[in-house]
Amino acid sequence: MDWGTDLWDQYDVIDKHTQSGLELVEKYVKFVKERTEIEQNYAKQLRNLTKKYHPKRGSREELECRFSNHQAFLDILNEMNDYAGQRELIAENMMMNICIELTKYLQELKMERKTHLSEAKKAQQSLESTYKQLDSSKKRFEREWREAEKSAQYAEKTDQDINATKADVEKAKQQAHMRAHIADECKNDYAAQLQKYNKEQSQFYFSDMPLIFNKLQDMDERRVKKLAQGYVLFSDTEKQVTPIIGKCLEGITKAGANVNERNDSIALIEQHKSGFERPGDLDFEDYSQGINRASSDSSLGTLSTPKGPLELLGKNKSKPFWLFAKKSKLSPSPSSLTPFSTPPAPSPANGPHSPKFGRDPLSYCLKEINKTVKPRISSFRTLRRTPTVSEDFGHLPPEQRRKRLQQKLDDIGKELQKEVDQSEALGKMKDVYEKNPQMGDPASLAPQITQTAQNMERLRGEFNKYELWLTEAGGRGDPLLRRDTSRDDTHRSHSFNNNGSTHESCSPDGAQSDEGTPDPSQAIYAEFDDEFEEEELVPPIGQCTAMYNFPGASEGTIAMQEGEVLSVVEEDKGDGWTRVRRANGDEGYIPTSYVSISLGK
C-alpha cells in the first residue's frame with residue numbers, strides 16, 4: 001500500500017500531513033533545547049554549590065582536611081563537581097547529536113517537500129491548461145457546427161425560393177460549404193485536444209501524481225525514522241554517562257566509608273599535643289593571718305584557685321598556664337566598678353569598692369586585681385604585635401617543636417641529598433671533560449662545583465644546628481630535665497610592656513627565671529595581650545553617643561567629647577563600663593552612664 005495508489009485523490013491530506021510531521025520535528029528540537037538548558041543550569045548551580053562550600057586556599061577549613069571527616073566532605077564536593085561535569089556533557093551531546101542534527105535534517109526535508117509539491121503543482125497546472133484548451137476547442141467546434149447548420153438551412157431555403165437568383169443560391173451554397181468545412185476542422189481539433197487531455201490526465205493520475213505522492217511518503221517515512229532515532233538518542237545520551245555518574249555516587253559512598261573517627265582523634269592529638277606537664281597541687285595559704293598584698297607569687301597562686309582546671313583548656317595552647325585567662329578579662333565580676341548614674345566630674349576609672357567585699361578578703365582581693373587589669377586590656381590590643389617566632393621553634397610547645405624540628409631536618413636532608421647528587425654528577429662530568437677535552441672545558445664547571453660545595457657546607461651546618469636543637473627538645477620529655485633547662489631560651493616566653501622592653505616570664509611549671517622577680521601584672525598583661533593578638537577584630541554590636549566629656553586618663557580607657565559617636569564593641573557587664581571603638585580603630589572603656597547606647601544597629 002502506498003500513497004500514490006490509495007491516496008491518489010487526497011492531495012490536501014498529504015500536504016497537511018507532511019507539514020504536521022515537519023512541525024513535530026521542530027517541536028521536538030525545541031523540547032530538547034529546553035532540556036539542555038535545564039541540564040546546563042543544573043550543572044552550573046551544582047558547580048556554584050561546590051565552589052561555595054569548597055575551602056579556600058590557606059583557610060582553616062583547608063588545614064583541617066587532614067581529618068578524615070573533613071577530607072570526606074572535600075571528596076564529596078569533588079565528586080559533585082564531576083557529577084556537574086557529566087550533566088554538562090549530557091547537555092552538550094543532546095545539543096550536538098539531536099538538536100543540531102535534526103535541525104539540519106529538517107531543513108533538507110523542507111527543501112525536498114517543497115520540491116515535490118512544486119512538481120505536483122506544475123503537473124496539475126499542465127493538466128488544467130490542457131483541459132482549458134480542450135474546453136476551448138470543444139466550444140469552438142460547437143459554435144462552428146451551429147453556424148454550419150444555419151448556413152446549410154439558409155442555402156436550402158434560398159434554393160427553394162423562386163424569387164432568389166442563381167447567384168444568390170450559389171453564394172448561399174458556398175457559404176454553407178465553407179461553414180461545414182470549418183466545423184469539420186473544429187471537430188478534428190476538438191478530437192485531437194480531447195485525445196491529448198485524456199492522455200495527460202491518465203499520465204497525471206496514474207503516473208506523475210502517484211510518483212510524487214510516493215516520494216512524499218518516502219520522505220515522511222524517513223522523517224519518522226530520523227525522529228525515532230532522536231527519541232532513542234534522548235535516552236542513550238544520558239545512559240552513556242550513567243556509569244560515570246554511578247562512579248561519582250560510588251565515590252561519595254566511599255568517602256563516607258573512609259571516615260575514621262579514631263584516626264581523626266589521633267590526628268587531633270598529634271596536631272595539638274603540647275608536651276607540657278600537668279600542673280601540680282597548689283599550696284594552701286592561710287588568709288586568716290591577713291592578706292599579703294606585696295607578695296606577687298602568693299597572691300597569684302591563690303587567686304588562680306577559684307578558676308579551677310577549666311582555665312587550663314583555654315585557646316592559647318602554645319603558652320604556659322597563666323592565672324588570668326580570656327574568660328576573666330571578658331567577663332569581669334559584676335559590681336567591681338560602680339556605674340555612673342549622674343554626670344558629675346569623672347571619678348576614678350575603677351570606681352569605688354563594693355561594700356559587700358569587706359567581709360570576704362579573698363573576693364576583695366580578686367576584685368581589686370580585676371579592677372586593675374580590666375581597663376588595660378584594650379590598650380594592649382592596639383599594639384598589634386605579631387608573636388615572636390624563633391628559628392629553633394622555641395615559641396612552640398615541646399611536642400609541636402619536636403615535630404617542626406624533625407620536619408625541618410627532613411627538608412634539609414632532602415636538599416642536602418640533591419646537592420650531593422649534583423656534586424657527584426659534576427665530578428663525573430669533570431672527569432669526562434678531562435679525558436675527552438673535545439666534549440667540554442673542565443674549568444667551566446669550577447663555578448658550579450664551588451657553589452655546590454658551598455651549598456653542601458651551608459646545609460650541613462643547618463642540619464647540625466637543627467639536630468642539636470632536636471636533641472635539646474627531646475630532653476624535654478623528662479619533667480626534671482625540663483625544670484633544669486627552664487632558664488634556657490628554648491623554654492622562655494617573652495612579654496612586652498608598654499615601652500617595648502622584654503621581661504622573662506614564668507616557665508610552664510610555674511617556676512620563675514633567675515633574672516629577677518618580674519612584676520606579676522606584667523605577666524598578666526602579656527597574657528592578655530597575647531590572647532588578643534590571636535583574635536580577629538570584633539564586629540561592633542551597636543553605637544553610642546557621648547552625652548558628656550570624658551578625659552580617659554586611666555590606662556585602658558578612651559577619651560571622648562560630648563556628641564561624639566562611637567561603635568560599641570562590648571556592652572556593660574554590670575560593672576558600669578562599656579568598651580567602644582573609634583573609626584580609626586582605637587578601642588577603650590568609657591563610663592556607661594556617660595553615653596546613650598543603641599544596640600543592634
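Q: How many helices and strands does the protein have?
A: In this predicted model, the protein has 14 helices and seven strands.

Q: What makes helix α2 roughly antiparallel to helix α4?
A: Helix α2 (residues 11-53) packs against helix α4 (residues 68-160) at an angle of about 165 degrees, and their axes lie 8 Å apart. Because angles over 145 degrees count as roughly antiparallel, α2 is roughly antiparallel to α4. The crossing of α2 and α4 is, in addition, left-handed.

Q: Why are β6 and β7 called the edge strands of the sheet?
A: The open sheet of five strands has the order β6-β5-β4-β3-β7, with antiparallel pairing. In this sheet β6 (587-591) and β7 (595-599) each pair on one side only, and these are the edge strands. Neighbouring strands of the sheet are turned by 40 degrees against each other on average, direction ignored.

Q: How do you know that strand β4 pairs with strand β5?
A: Two strands pair if DSSP finds at least two bridges between them, and three bridges join strand β4 (residues 565-570) to strand β5 (residues 577-581), the two running antiparallel; therefore β4 and β5 count as paired. Glu570 stands opposite Arg579 in β5.

Q: What share of the residues is called buried, and what cut-off makes a residue buried?
A: A residue counts as buried when its relative accessible area is under 20%, and buried residues make up 35% of the 601 residues in the protein. The accessible surface of the protein comes to about 36600 Å², with 52% of that surface belonging to carbon and sulfur atoms.

How values were computed
Residues are numbered from 1 along each chain as its sequence is written. This is a predicted model: local features need pLDDT of at least 70, side-chain atom pairs count only at pLDDT 80 or more; totals for chains, interfaces and linings use all residues. Side-chain values use heavy atoms; hydrogens and water are left out. Helices (H or I, at least four residues) and strands (E, at least two) are DSSP runs, numbered from the N terminus. Buried means under 20% relative accessible area, exposed over 50%, partly exposed in between (1.4 Å probe, protein chains only). Accessible areas come from the Shrake-Rupley method with a 1.4 Å probe; for residues, only the protein chains shown count as cover. Axes are lines fitted to C-alpha atoms, for helices over the stretch in contact, and angles run from 0 to 180 degrees between N-to-C directions. Angles under 35 degrees count as roughly parallel, over 145 as roughly antiparallel, 65 to 115 as roughly perpendicular and the rest as oblique. A crossing is left-handed if the near helix is turned anticlockwise from the far one by less than a right angle, and right-handed if clockwise.
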